Number of protein chains: 2
Amino acid sequence: MNKTITMQHGSGGSATAELIHEVFESAFSNEILSQMEDAAAVDGAAKIAMTTDSFVVTPLFFPNGDIGRLSICGTVNDLLSRGAYPKYITCGFIVEEGASVDDLKKIARSMSETAAEAGVQIVAGDTKVIEGSGGVYINTTGVGFLTDDRDISAANARPGDAIIVTGNLGDHHAALLSCRMEVENDIQSDNAPLNDIVDHIRKFNIHTLRDVTRGGLATVLKELAEASRQKFIIEDALLPVDSGVRDFCGIMGLDPLYMGNEGKMAVILPEAEAKEALKSIKESRYGENAAIIGRVESPGSVEEEGGLYSRTNIGGLRSLSVLMGEGLPRIC
Amino acid sequence: MNKTITMQHGSGGSATAELIHEVFESAFSNEILSQMEDAAAVDGAAKIAMTTDSFVVTPLFFPNGDIGRLSICGTVNDLLSRGAYPKYITCGFIVEEGASVDDLKKIARSMSETAAEAGVQIVAGDTKVIEGSGGVYINTTGVGFLTDDRDISAANARPGDAIIVTGNLGDHHAALLSCRMEVENDIQSDNAPLNDIVDHIRKFNIHTLRDVTRGGLATVLKELAEASRQKFIIEDALLPVDSGVRDFCGIMGLDPLYMGNEGKMAVILPEAEAKEALKSIKESRYGENAAIIGRVESPGSVEEEGGLYSRTNIGGLRSLSVLMGEGLPRIC
């Protein structure tokens with residue numbers, strides 16, 4: 001087939017069929033997809049979790065990852081955040097004319113490998129072509145099984161809970177920004193599926209789990225503090241940040257607390273279980289740099305309800321809000 | 001908030017939260033969405049159907065429909081094509097900077113109304129912003145429940161089956177094309193959720209159901225003939241086409257058999273049940289123009305296996321293939 005996508009590949013006719021066959025079927029082949037029905041029929045469960053995420057990252061390929069790997073990780077990690085066992089993924093491609101067919105093949109292969117790592121099956125797909133200049137956008141939607149009545153939720157953080165982050169902050173964001181600015185360094189994206197970490201801590205009494213993505217840890221924790229109506233305090237000195245990322249942030253005037261990851265979780269659970277949970281996380285794949293970074297307290301006043309505070313290295317408390325303004329768009 | 005989308009709305013910070021709150025939460029409000037978790041927890045079933053579809057139609061608003069209504073109908077109809085009961089929808093928006101916030105609100109309202117008509121719940125959403133000039137793209141992914149062991153499949157058409165189409169061909173395609181060419185006429189899109197039609201014919205022994213979309217009826221039937229390895233014969237004289245669409249096609253040199261619909265099904269079932277099924281379809285919402293248009297026969301030779309033929313008005317048989325070349329892209 002052509003080496004470049006044209007509008008013809010979006011017609012629904014023979015060119016579309018060729019694109020799907022050569023790029024997607026060959027990468028994703030499994031028994032369910034090969035039926036080529038309008039909808040896939042799969043085994044269900046009494047309770048399921050559903051999540052959707054679109055990926056518009058530029059560039060498509062970055063150090064240690066690509067939009068394909070990212071699109072599987074993001075959706076898998078959202079299902080894990082609810083305590084679900086990720087099972088099925090659908091993928092919807094929107095491709096601009098001018099996109100390289102070889103790039104699409106690489107992306108599809110990366111999705112297939114990441115799906116295998118995360119233990120999920122790609123069960124349905126769709127491809128559309130739009131005018132443009134070679135961009136690729138991917139929606140992935142996931143279904144997971146919920147197997148018990150545990151309520152892991154943004155609203156469940158309780159006073160006396162510890163806050164754990166499963167690894168270094170800001171890696172994905174710093175890697176993307178370095179790429180876009182053509183800065184040469186060794187910073188790698190952390191995009192990864194976190195099944196192993198979550199499976200290692202299912203035995204603990206987890207109150208809240210949240211994937212740390214756009215907006216960074218501060219935005220995520222602020223949202224959790226608000227949903228739980230508690231006061232969160234984190235310690236600047238305890239935040240795990242890779243030295244290369246720290247240096248890069250220093251030069252750029254960026255705060256790792258507001259930089260996105262794609263392979264980190266915030267875990268909130270009773271302080272009594274925190275050390276054991278930390279140990280389990282550190283023994284998991286992608287969990288080696290996990291740290292206990294703060295705690296949940298009872299708000300002392302109405303103003304403190306839903307507040308997020310960080311204790312600075314000189315001992316003061318600063319109040320943190322969600323990310324304001326631009327951030328770096330299109331990191332996922 | 002601003003009247004126009006900017007890159008800031010894609011940062012994951014406060015501008016994103018404002019966009020989601022003002023545009024999507026207010027239109028889609030339901031108990032599951034309002035939890036604002038990374039994943040929705042919902043009731044499942046032992047067997048489920050899953051499908052995904054992205055919508056990139058231009059213009060966003062067209063006679064009798066819009067991208068929002070279309071995005072719900074397309075996914076609902078794909079689930080129905082498998083015999084499933086549509087239950088849950090996720091929606092992923094990719095919005096170009098410059099898009100109108102008022103348009104987004106209208107689209108979200110239309111999705112909400114169409115979801116109510118189709119009996120599905122919008123359970124999860126995502127919004128991303130990209131550079132561009134005001135385009136809006138929507139992915140919807142659907143989950144339906146499969147409640148029996150019936151195998152409705154593209155591969156199940158059998159010799160002696162009748163082929164029914166549930167209404168006029170080409171309406172959506174002709175409406176879109178008229179819009180883009182700024183031709184004034186009364187042609188309306190047929191975008192509609194087909195739950196009522198499918199619910200009316202569940203009592204029959206349906207072998208194959210297929211939503212007639214991109215590529216038109218000929219492309220769809222050719223794919224079904226190939227999947228079933230049978231010979232399909234349709235009668236040109238029996239094809240239901242609105243007179244306005246027929247005139248428009250005549251002037252433009254277009255064949256309604258290759259023009260997309262967004263509210264029509266091809267139904268294949270034993271000829272003995274066809275008349276009763278047709279009656280039921282005609283009594284259903286959106287089914288008034290349904291017609292029996294052809295039959296499935298045993299292929300007389302290897303060449304005829306998977307073949308689609310139409311009997312012309314002068315009695316000859318022409319062999320039809322899937323849509324070749326361009327068609328009209330971006331009709332859905």
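Strand β1 (residues 40–43) of chain A runs antiparallel to β2(B), and four bridges join the two; strands and helices here are DSSP runs numbered from the N terminus, a helix being H or I over at least four residues and a strand E over at least two. Within this pairing, which requires that DSSP find at least two bridges between two strands, Asp43(A) stands opposite Lys47(B). This is a predicted model, in which local features need pLDDT of at least 70 and side-chain atom pairs count only at pLDDT 80 or more, while totals for chains, interfaces and linings use all residues. Residues are numbered from 1 along each chain as its sequence is written, with chains lettered from A and ligands numbered from 1 in the order in which they are written.

**Confidence**
- Chain A has a mean pLDDT of 94, with 98% of its residues at 70 or more, pLDDT being the predictor's confidence in each residue on a scale from 0 to 100.
- For the complex, the predictor gives an ipTM of 0.93 and a pTM of 0.95.

**Where the chains meet**
- In chain B, 68 residues are in contact with 68 residues of chain A, contact meaning that the C-beta atoms of two residues, placed from the backbone, lie within 7 Å.
- Of the side of chain B that touches chain A, the largest share, eight residues, comes from β2(B).

**The sheet shared by both chains**
- An open sheet of five strands, with mixed pairing, follows the order β6(A)-β5(A)-β7(A)-β2(A)-β1(B).
- Because β6 (121–130) of chain A and β1 of chain B stand at the edges, each with a single partner strand, one side of each is left without a neighbour in the sheet.
- Strand β5 (residues 85–96) of chain A runs parallel to β6(A), joined by nine bridges, and Glu96(A) has Ile130(A) as its bridge partner in β6(A).

**A covered strand in chain A**
- Strand β8 (residues 161–165) of chain A is mostly covered, with five of its five residues buried, which requires 20 or more other C-beta atoms within 10 Å of a residue's own, against 12 or fewer for exposed and values in between for partly exposed, with C-beta atoms placed from the backbone.
- Asp161(A), Ile163(A) and Val165(A) point one way from β8(A), while Ala162(A) and Ile164(A) point the other way.
- Five bridges join β8(A) to the antiparallel strand β11 (residues 265–270) of chain A, where Ala162(A) is partnered by Leu269(A).
- Four bridges join β8(A) to β12 (residues 291–297) of chain A, also antiparallel, and there Ala162(A) has Arg295(A) as its bridge partner.
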